[in-house]
Amino acid sequence: MRGGENKIALLIDGVNLSASAKALGFDIDYQRLLTEFRTRGTLLRANYYTAIIEDRESSSARPLIEWLNYNGYTVVSKATKEFVDASGRRKTKGNMHVELAVDAMELAEHVDEIVLFSGHGDFRSLVEAVQRRGVRVTVVSTISSQPPMIADELRRQADAFTDLLELESKLGRDPQERRPSRRKDRCG
């Protein structure tokens, strides 16, 4: 927005962002992510979408989800559903696309820009609908991985595309700052 402060909402497809960063060989520092986008305007929302496996005692995502909840993010989650496919295999399903789309449409009248962290082609029509409401949409994913993590139709629909690899120096967690492993004693 020219002549005023750019109002921004971040909509993060948690599983997709994590997979993209992993494919590029780095971890996201979510505090640095907030800091980076606060320099680009007024950050009105930072929503993180994820499905949670309820029956697992120590889900590896729980510490991250708790940290996000207390550090400036709104975590939107639901329990995964287990089902048996046609071959008799147990599968787990947990898609947050509808929740993200509803939030994007509701936020459209309050923001100048939505930054969508996802590469799913399913979001192309959402991006188009938000653009019709006068909102600029930046999509963050990657074409630098093999295979690329972004659908071509989504990349083409966005007003701007940022390859996650370009943001590594601003959003990547320093490998030496990783949390210690859960082993009781590493070196005695």
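Select the residues that line the second largest pocket of this predicted model, and colour them by chemical character: four are nonpolar, eight are polar and two are charged. That lining is made of 14 residues, and those lying nearest the centre of the pocket are Val15, Ala51, Gly94, Asn95 and Met96. The space they surround has a volume of about 240 Å³.

Next, show the backbone around this pocket, where helix H1 (14-24), strand E2 (42-52) and strand E5 (90-93) each supply at least two residues of the lining. Which of the elements gives the most to the lining? Strand E2 does, with three residues.

Now move to helix H4, residues 97-107, and select His97, Leu100, Asp103, Ala104 and Leu107, which are buried. Why do these residues lie on the same side of H4? Seen around the axis, they cover an arc of only 130°, and that puts them on the same side of the helix. An α-helix has 3.6 residues a turn, so residues three or four places apart point the same way. If you then display the surroundings of this buried side, you will find that its residues pack against strand E1 (7-13), E2, strand E3 (74-79), strand E6 (113-117) and helix H5 (124-132). Turn to the face of H4 that points away from the buried side, and select Val98 and Glu106, the exposed residues that this face carries.

Finally, go to the loop between strand E7 (136-141) and helix H6 (152-157), where Pro147 has its place. Select Gln146 together with Pro147, and look at the peptide bond that joins them, which is cis, with omega about 0°.

How values were computed: Residues are numbered from 1 along each chain as its sequence is written. This is a predicted model: local features need pLDDT of at least 70, side-chain atom pairs count only at pLDDT 80 or more; totals for chains, interfaces and linings use all residues. Side-chain values use heavy atoms; hydrogens and water are left out. On a 1 Å grid over the protein atoms alone, a cavity is a set of points where a 1.4 Å probe fits but cannot get out, and a pocket is an open set with protein on both sides within 12 Å along at least five of seven lines; lining residues have an atom within 4 Å of a point. Grid points are joined across faces, edges and corners, and a volume is the space filled by probe spheres set on the points. Helices (H or I, at least four residues) and strands (E, at least two) are DSSP runs, numbered from the N terminus. Ala, Val, Leu, Ile, Met, Phe, Trp, Tyr, Cys and Pro count as nonpolar, Asp, Glu, Lys and Arg as charged, and the others, Gly among them, as polar. Buried means under 20% relative accessible area, exposed over 50%, partly exposed in between (1.4 Å probe, protein chains only). The arc is that of the directions from the helix axis to the C-beta atoms. Contact means heavy atoms within 4.5 Å.
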